[in-house]
Amino acid sequence: AAAAPAAAAAGGFEHDSPINVGHWMQKPNTHFFPCKRLVQNGQSMPRYLVVTPTHLMDLEAHKTKLNVANLKAWNDLLDLDKVTFNRNDQHIVTFIFKAKDGGKAKGYMYVMDEKSLKRSVECIQQNLKALKAANP
């Protein structure tokens, strides 16, 4: 069975749902950045950070299917509270999203090459600017 463009659940996406990467790569203002996500135990997991016009998605390549990835995290760009950079390692960035429904704020830490890091932040800024202009 082909992967759905994105599974809808509660107005968003389902965690670990299969994502058709080709579908998303064809969308305007959607950018893919290879990276590694740093997790609490210090391990790094190969991922793709995807900046869409409205969301930031964290995809893990499917282990056996080409052009399919599993959705590991997704957040609305309008919920992005801040972006921090590691003083000791310029390749590490943390995206912090506002808490929802009384929960805790969520932070995701990634390692990227300098060019991808710079370009991903530029894309986020451009898409946020467009979103805020469309939703004053």
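How many cavities of 30 Å³ or more does the structure hold? In this predicted model, the count comes to 1. The largest cavity has about 30 Å³ of space inside.

So much for the volume; next comes the wall. Leu56, Met57 and Asp58 line the largest cavity, along with Ala73, Asn75, Phe95, Phe97, Tyr108 and Tyr110. Strands β6 (55-61), β7 (68-76), β9 (92-97) and β10 (106-111) are the elements that each put two or more residues into this lining. Of these, β6 gives the largest share, with 3 residues. Sorted by class, the lining of the largest cavity breaks down into 7 nonpolar residues, 1 polar and 1 charged.

Turning to the pockets, the second largest one comes in at a volume of about 180 Å³. Its lining is made up of Arg37, Leu38, Val39 and Gln40, plus Gly107, Tyr108 and Met109. Here the elements that supply two or more residues are β4 (31-38) and β10, and the largest share, 3 residues, belongs to β10. The class split for the second largest pocket is 4 nonpolar, 2 polar and 1 charged.

Put side by side, the two sites have some wall in common. Tyr108 is listed in the lining of the largest cavity and also in that of the second largest pocket. Likewise, β10 gives two or more residues to the cavity lining and two or more to the pocket lining. As for the top contributors, β6 has that role in the largest cavity, while β10 has it in the second largest pocket.

Key. Residues numbered from 1 in each chain as written. Predicted model: local features only at pLDDT ≥ 70, side-chain atom pairs only at ≥ 80, totals over all residues. Heavy atoms only, no water. 1 Å grid on protein atoms, 1.4 Å probe; cavity = no way out; pocket = protein on both sides within 12 Å on 5 of 7 lines; lining within 4 Å. Points joined across faces, edges and corners; volume = space filled by probe spheres on them. Helix = DSSP H or I, 4+ residues; strand = E, 2+ residues; numbered from the N terminus. Nonpolar A, V, L, I, M, F, W, Y, C, P; charged D, E, K, R; others polar.
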